[in-house]
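Reader: Could you walk me through this one before I set anything up?

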Amino acid sequence: MKKIILTIAIALAAAFSANAQLRIEGALTLGNYEKPDGLSIVSQGFDPAASFAARAFYDYNLNVNGLDGLMLSAGAGVLSNTIADKDNSSKFNTTWIQVPVTVGEYYQFGAGALYAAVGLYYGYCISGKVYNSTVSIDAKDGLIKSNDFGYIAQVGYALPMDLGIYCGYTNSLINIADLDGSGNMRNKVFEIGLFYKF
């Protein structure tokens, strides 16, 4: 884990150079928790529910072999993952501080540019709750772990005025269930949103 955090820190330092451009994104999300065996509250009739994501990236132009649109991006933000029962009366929600590092490229297309990126992220859970109108349980108290690590992929379209739309997907590569080996759970989140480049 220390090597992962060190790699992220080096990428962030590179991104803060003079050639970096700031990109802010915000999105609505639909999430789930893959392979929720061992967590009965999740496995019994819960479906994806709307939540949110917000991040700030620095896009560093790599200029490799004349590929002017190739970039390394590093940033930080918040990702929320929520599921709810059929009546939307009971919910399971986790909120994560997320530090992603991606490699992507802009391809000129029409007046704007197509955008695609893939990479890895580290996440730290700042809150987790299972709740309904009468009961609230802290999910960090024996249900889920505090750390997450996975991959992120994004595609989008940037307009000439630096405003764009994108779709994204994140998925854990590690088990975040904290149930003494009896549970297997991973964050799985789809998002659609807007970004603005400064």
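Reader: To begin with a single residue, where is Leu194 found?
Author: Leu194 is found in strand 9, where strands (E, at least two residues) and helices (H or I, at least four) are DSSP runs numbered from the N terminus. This is a predicted model, in which local features need pLDDT of at least 70 and side-chain atom pairs count only at pLDDT 80 or more, while totals for chains, interfaces and linings use all residues. Residues are numbered from 1 along each chain as its sequence is written, and side-chain values use heavy atoms, with hydrogens and water left out.

Reader: And how many helices and strands does the protein have?
Author: The protein has 2 helices and 9 strands, and from the N terminus on they run α-β-α-β-β-β-β-β-β-β-β.

Reader: Which element gives the most to the nonpolar patch?
Author: Strand 9 does, with 4 residues; the elements that give two or more are strand 1 (20-37), strand 8 (163-172) and strand 9 (184-197).

Reader: Switching to the inside, how much of the protein is buried?
Author: Buried residues make up 44% of the 198 residues, buried being under 20% relative accessible area with a 1.4 Å probe and protein chains only.

Reader: Which residues touch the most other members of the largest nonpolar core?
Author: In that core of 14 residues they are Tyr33, Phe92, Ala139, Leu143, Ile144 and Met185, a core being a set of buried Ala, Val, Leu, Ile, Met, Phe, Trp, Tyr and Cys residues joined through side-chain atoms within 4.5 Å. A second, separate core of 12 residues includes Ala27, Met71, Tyr106 and Ala117.

Key: Buried < 20%, exposed > 50% of the residue type's maximum accessible area, 1.4 Å probe, protein only.
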